[in-house]
Amino acid sequence: MHLDYRLNEDRETDWSSVTEEDLRYRVALGNLVFHVGDKDFSADWGWIPLIDLAASFAEIVRKLEGGSASETFEFTESDAWVRFEKKGEKVLVSTSYGEGVGQIALHSVSAAVKSFRERLRSELDRKHPQAAHNPAVRKLLGVA
Amino acid sequence: MNLRLIAALFLAFGLLLTVAPTTGYAQVQTSTDQVVLTHSRLQHIIDRHWADSTATGAGKFQAGITVDSLRDMINEAVRNGRARHNTHGRPGTIYEYDFQRQIGTTIDGGPASRLRVVVNNRNEVITAFPF
């Protein structure tokens with residue numbers, strides 16, 4: 001599983017004052033790079049709130065590990081979705097916008113999401129040092 | 001007569017103060033029928049979901065829909081639509097309503113008759129788009 005992102009340039013955001021709602025809908029926008037096996041579920045729409053996606057995927061992993069059979073991520077500005085369905089130790093991944101169903105071990109999903117969050121946090125801290133001190137950023141990227 | 005009038009006014013004012021706290025809940029409930037669409041959120045919707053928006057992967061409103069008609073549609077969706085909690089820790093409530101007529105296009109260009117409205121806990125619209 002390859003889970004990555006492309007963060008848009010952003011010189012306007014005041015990272016010291018952004019709220020959780022800003023991060024969920026309006027800030028740190030970009031593209032999703034998402035491959036599961038030979039299935040490409042990437043979304044290059046340019047408006048995907050990446051911190052929200054990182055936090056939502058982490059919540060989905062937590063629920064799957066906690067016994068949930070299926071979890072669906074909904075994009076913020078369309079009815080597009082990504083679905084994770086647990087089958088034993090495997091997870092079936094499908095989307096509303098891409099063809100096919102990918103299959104991957106749950107622990108691999110967990111590792112990919114953890115890595116995604118860490119890389120995003122690292123890039124934001126480097127590009128926007130104030131982000132590291134924002135409680136909403138810290139909460140959603142797992143350092144609260 | 002004047003004294004009676006003044007006494008009546010005092011009595012009415014006193015009753016108002018007494019009743020106001022108990023009607024607060026009803027007022028809050030009623031206010032969910034009318035959500036707030038701020039200028040910045042309206043601009044967000046126009047930038048991303050207006051007919052002439054170049055944003056990809058997002059539902060678009062039909063050409064000819066005005067800001068006033070958008071406000072009406074949002075209020076109708078909140079008043080009559082299906083409500084559910086926002087997902088995976090996102091704040092607020094999602095309302096979805098089917099207008100039974102085309103109001104825009106889906107992300108793949110097909111006709112869209114439904115409206116999704118996301119409202120935060122302060123009763124402000126976060127976003128709204130057809131699907």
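**A note on helix 3 of chain B and its surroundings**

1. A good place to start is B:Ile74: beyond its neighbours within four places in sequence, B:Ile74 is in contact with B:Val35, B:Leu37, B:Val117, B:Val125 and B:Ala128. Please keep in mind that this is a predicted model.

2. B:Ile74 also belongs to the largest nonpolar core, which holds 64 residues. The members that touch the most others are A:Ile48, A:Leu50, A:Ile51, A:Ala54, B:Ile74 and B:Val117. Helix 2 of chain A (residues 50–65) gives the most to this core, with nine residues.

3. Now look at helix 3 of chain B, residues 67–80. Its 14 residues should span 20 Å at 1.5 Å a residue, and the end C-alpha atoms are 20 Å apart, so the two agree.

4. Which residues of helix 3 of chain B are buried? They are B:Leu70, B:Met73, B:Ile74, B:Ala77 and B:Val78. Because they cover an arc of only 130° around the axis, they sit on the same side of helix 3 of chain B. Residues three or four places apart point the same way because an α-helix has 3.6 residues a turn.

5. On the other side of helix 3 of chain B, the exposed residues are B:Asp68, B:Asp72 and B:Asn80. As for the buried residues, what covers them includes strand 3 (93–98), strand 6 (114–119) and strand 7 of chain B.

6. Finally, the two chains meet: 18 residues of chain B are in contact with 20 residues of chain A. On the chain B side, strand 7 (residues 125–130) gives the most, with three residues. That side divides into seven nonpolar, eight polar and three charged residues.

Conventions
Residues are numbered from 1 along each chain as its sequence is written. Chains are lettered from A and ligands numbered from 1 in the order in which they are written. This is a predicted model: local features need pLDDT of at least 70, side-chain atom pairs count only at pLDDT 80 or more; totals for chains, interfaces and linings use all residues. Two residues are in contact if their C-beta atoms, placed from the backbone, lie within 7 Å. Helices (H or I, at least four residues) and strands (E, at least two) are DSSP runs, numbered from the N terminus. Ala, Val, Leu, Ile, Met, Phe, Trp, Tyr, Cys and Pro count as nonpolar, Asp, Glu, Lys and Arg as charged, and the others, Gly among them, as polar. The expected span of a helix is 1.5 Å times one less than its number of residues. A residue is buried if 20 or more other C-beta atoms lie within 10 Å of its own, exposed if 12 or fewer, and partly exposed in between; C-beta atoms are placed from the backbone. The arc is that of the directions from the helix axis to the C-beta atoms. A nonpolar core is a set of buried Ala, Val, Leu, Ile, Met, Phe, Trp, Tyr and Cys residues joined through C-beta atoms within 7 Å.
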